[in-house]
Amino acid sequence: MIAAIFTPILMSAAASSAQAQNAGMVSGSVLNAGTGSYLEGALVSVEGTGIATLSDRAGRFQLRSVPTGQQTLVVTYTGLDEARVPVQVRPGSNAIATVQMNSDVYVLEEFRVAGEREGSAAAITAQRHAPNVKSVVATEAFGNIVDGNIGEFLKRTSGIATELNEGEVSRIFVRGIGAGFSAVTLDGTRLPSPSFGKTDRSFRVDKLPADYIESIEVFKAPTPDMDADSVGGAVNLVTKSAFDLDRRSLTYNFVLSHKTLHDKTSYSGGIQYSDVLGEKNNLGLFFTSSYNEVYVPQDNSQMDFAGPADRNGNVTDHWMWRFRVADGDHLRTRSGHGLKLDYRLSEQTTLFASLMYNYFEDNNDNSRYTWQGRDDRTGGLEPGYTSLDTTHTDARYETFNTERRERQDLYQFQIGGETELEDYTIDYSASYAPAEETLDRNDFSFQTGRKHTVRMTRDSFSDHYGEAIVIDGPDVNDLNDLGAPNLSRQFGGSTETIWGGELNVKRFFDQETDTFLKTGIRYRGQELDIDTNRTRNEYVGDGDYNELFAKKDWTRLPNEGRHPLHTWPDAEAARSSLFSDPANWETDAVAAIEESLTSDGKAREDVYAAYLMGNRRFHRLNVLAGIRFEKTDVTATGPLVQELTTPEPDDATEEQLIERARLQFGGRQTNESSYQNWFPGVHFRYDFDGGLVARASYSTSIGRPDFGDIIPTTDVSLESERVRQNNTGLQPQEADNFDLGLEFYFEPVGVLSAGVFHKEIRNFIFTDVTTIPSGPDNGFGGDYAQYELVTQRNGGTATVTGVEFNYNQQLGGYADWLQGFSVFANMTHIEAEGNYNTEGGESNSQLVEFVPNSGNAGIVYDRNKWTIRFQMNYNDRYLNEYISDPNLRIYDDERWDGEVRLKYAFSRKFAVFAEMFNAFNPPIVRSQGLGLYWPQKIRYNGRRINFGISGRF
């Protein structure tokens, strides 16, 4: 198959060398005269021939084998008037041409800078000429990015669904497919994303600075020169460069932000400086620095339900067994700094170096109380209970406060360059990105035994907030009536480092048919190291608990006044007491050893890749095909936990118990594995007259196992005769991807596209339960024969079928009164099913973290110094946690959010704006039960209102 695809490319290559004689070359650059921006993706062609090319990131182009004599260059770009430039071509020489493009809009509004019109035009142009299925958006197209979180911009992108963390976008799902199946890169290279306790593959986009990003590329069908681990798709964040402009530029913004929930105010600001230096204007400098403070209130209630179901899965009898109310605040700080240098060493070679530092800190003060009854039929349920009204006669109460300080420091350093020879383009780069996440968390709690009679109730099925009514029991607002206080501390963190390099060579043969071959090699290393510690401490000192450990001056009613004021414990006061008066606290040193040793782990992954691909245009049909090879080596180290056969002495000292814990939990094991994969792919694009483009693609990709599954944690229980062990030898989940699509491009700026896709996933990872065989080669040196083994394996299957729709158009071409108006809408629908948890097991209509529907819609007015935006975003209900019992499965419910933005530009240098985010303030609901609507966790995030100024010099 591959040979058949490459045969016409090689035949065309042989013929092209003869045509190069008695011909010349034309090179130059394409500039938007209205904004001073160099244009990427401008189509430059020689009139009367088929010779054409696209301008690169710096607006440069190069036309090879151009017939000698007087020629005319025809240059087109979405949203700009066609440019025609005469040029004299001589044999064996290079003619230089500079093309300036314009449009009437810049004559009417001379002071304007790049915005909705320019951002959409650049994105649509790049998408139109891409050989594969791809969406492109420019950050200018949606205005300011709220709170510096790039995730708030990504959620507006076609094909992206999102997950919220305390009201902020934290993870993304390309085409609705789980975050672990979606790759996120910065200028084509991976970034680390450590987080305390995180061992999956997902990238936390909320910790990445936004001001550094110029555009976003969403690759939905990977080409062979891309990393293959992107079953859902790949998001590439393209950084800004000084060579994007032909002038010096200083951009600034300052924002005052108010959160209506808890009445919090914060500040944000940033600057960007861009300049081209040197006598030959060959050194580009771009610098950005930003600081963002964001208050994120945590105001929620939680209800958990229990109850049996009949053989058809219908719930016949159920009740509320737990009720919880939480009230607290996050103060999140982001600070991003970036420096990028571009240097034109010669007309043929450009070098670059970039350095980015990002700081993220989350300070959390969260209080909650919990009423917990019975989740089974062992008693405590008064007759006549329902899911709307349940009375427990032996409920337990806990009041709890968390003080958490989480910090992440991320660095990225990248160097590289590109060299253009007569028939070759060679690019090369190397990168190094270390990141560290640290955590200091203190959980302080009081609780009672089962001493209370409590009624848990909610008014109706639509009531998101319930109520707990105390009928009998101790006074829960008097801490002295509760049990002894306990302080649990977690501290430590994790580090993740990604490094690598690549070399790519592209050989041009015939520019008239866009014939080329491209090959390259790539290496990527990634290492994760988790080091955590935990202690449990009980207060044994004297004193009034209300004086020592109650939060002072706390007057806010939980959940915006829906619940009465409670006495909250104070984790900061408990932590101070532990360090200042340690004699008043009894620490469980044995539990601290156990939890610290069993929480650590390390994994390293080395990926070696090579590929070959070719491209040829057959009149209107463009074909790109190739194959990629990847070899992956894995080394992982984890805890080996084994119960000791000798009984614990009755009179053992604490030192002896600690040493025993070290022997039981301190074992370590290192496992290695390796796998290799081939990834063929072919992409077709057919350009009809009138702006219609048809696409068809076949590609292959993988989803690598989570680090948490390959770190070889082994836990042996002699009592239950069970071994739980992670599987370092897991293979990746493999996918065959099929895409069909139609795109129609409007003039001056607009696109309407629709497509269908289908993914067949093999080697789906599931949890398996088997029996350990006898014999010395049973994997445990002959031990644990006939024990139950619980581990992860490959073998399940899944299919994903989906449709996509995208519409984006500027309406000024229809009527004068529509000048400045543009509209956009996009939607992605998927149907996913597969089996997991047991090989060949239950088929499920929803897989974990597969979002069935997501979409956006909006209208923008951008004219006469005004920019007005109305935007809406939708995410469907999806399965968050799979549990074999359908009544216990957890779902994130559907959600809508909207925003309104107003901006008035007095001049290029000064503008004022006002914005409202989460305008509808809908509840964020996590529900329980398949086919049911039990609101398990409910949160309101409140509206965010921004006022600010911005400008460019």
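**Close-up views of a predicted model**

**View 1. Strand E11 and its hairpin partner, strand E10.** In this predicted model, strand E11, which spans residues 168–174, is mostly covered, with seven of its seven residues buried. Strand E10, made up of residues 160–165, pairs with E11 in the antiparallel sense over six bridges, and within this pairing Thr162 stands opposite Ile172 of E11. The two strands E10 and E11 form a hairpin with two residues between them, and in the turn Glu166 has a positive phi of about 55 degrees.

**View 2. The open sheet of five strands.** Five strands, in the order E9-E14-E15-E12-E13, form an open sheet whose pairing is mixed. Its edge strands are E9 (134–138) and E13 (189–190), each of which pairs on one side only. Strand E12, covering residues 182–186, runs antiparallel to E13 and is joined to E13 by two bridges; here Leu186 stands opposite Thr189 of E13.

**View 3. The packing of helices H8 and H9.** Helix H8 (residues 589–598) packs against helix H9 (residues 654–665) at an angle of about 15 degrees, and their axes lie 9 Å apart. Because angles under 35 degrees count as roughly parallel, H8 and H9 are described as roughly parallel to each other. The crossing of these two helices, H8 and H9, is right-handed. On the H8 side the contact is made by Ala589, Val590, Ile593, Glu594, Leu597 and Thr598, while H9 contributes Glu654, Leu657, Ile658, Ala661, Arg662 and Phe665. Sorted by class, the contact of H8 with H9 comprises eight nonpolar residues, one polar residue and three charged residues.

Notes: Residues are numbered from 1 along each chain as its sequence is written. This is a predicted model: local features need pLDDT of at least 70, side-chain atom pairs count only at pLDDT 80 or more; totals for chains, interfaces and linings use all residues. Side-chain values use heavy atoms; hydrogens and water are left out. Buried means under 20% relative accessible area, exposed over 50%, partly exposed in between (1.4 Å probe, protein chains only). Helices (H or I, at least four residues) and strands (E, at least two) are DSSP runs, numbered from the N terminus. Two strands pair if DSSP finds at least two bridges between them. Axes are lines fitted to C-alpha atoms, for helices over the stretch in contact, and angles run from 0 to 180 degrees between N-to-C directions. Angles under 35 degrees count as roughly parallel, over 145 as roughly antiparallel, 65 to 115 as roughly perpendicular and the rest as oblique. A crossing is left-handed if the near helix is turned anticlockwise from the far one by less than a right angle, and right-handed if clockwise. Contact means heavy atoms within 4.5 Å. Ala, Val, Leu, Ile, Met, Phe, Trp, Tyr, Cys and Pro count as nonpolar, Asp, Glu, Lys and Arg as charged, and the others, Gly among them, as polar.
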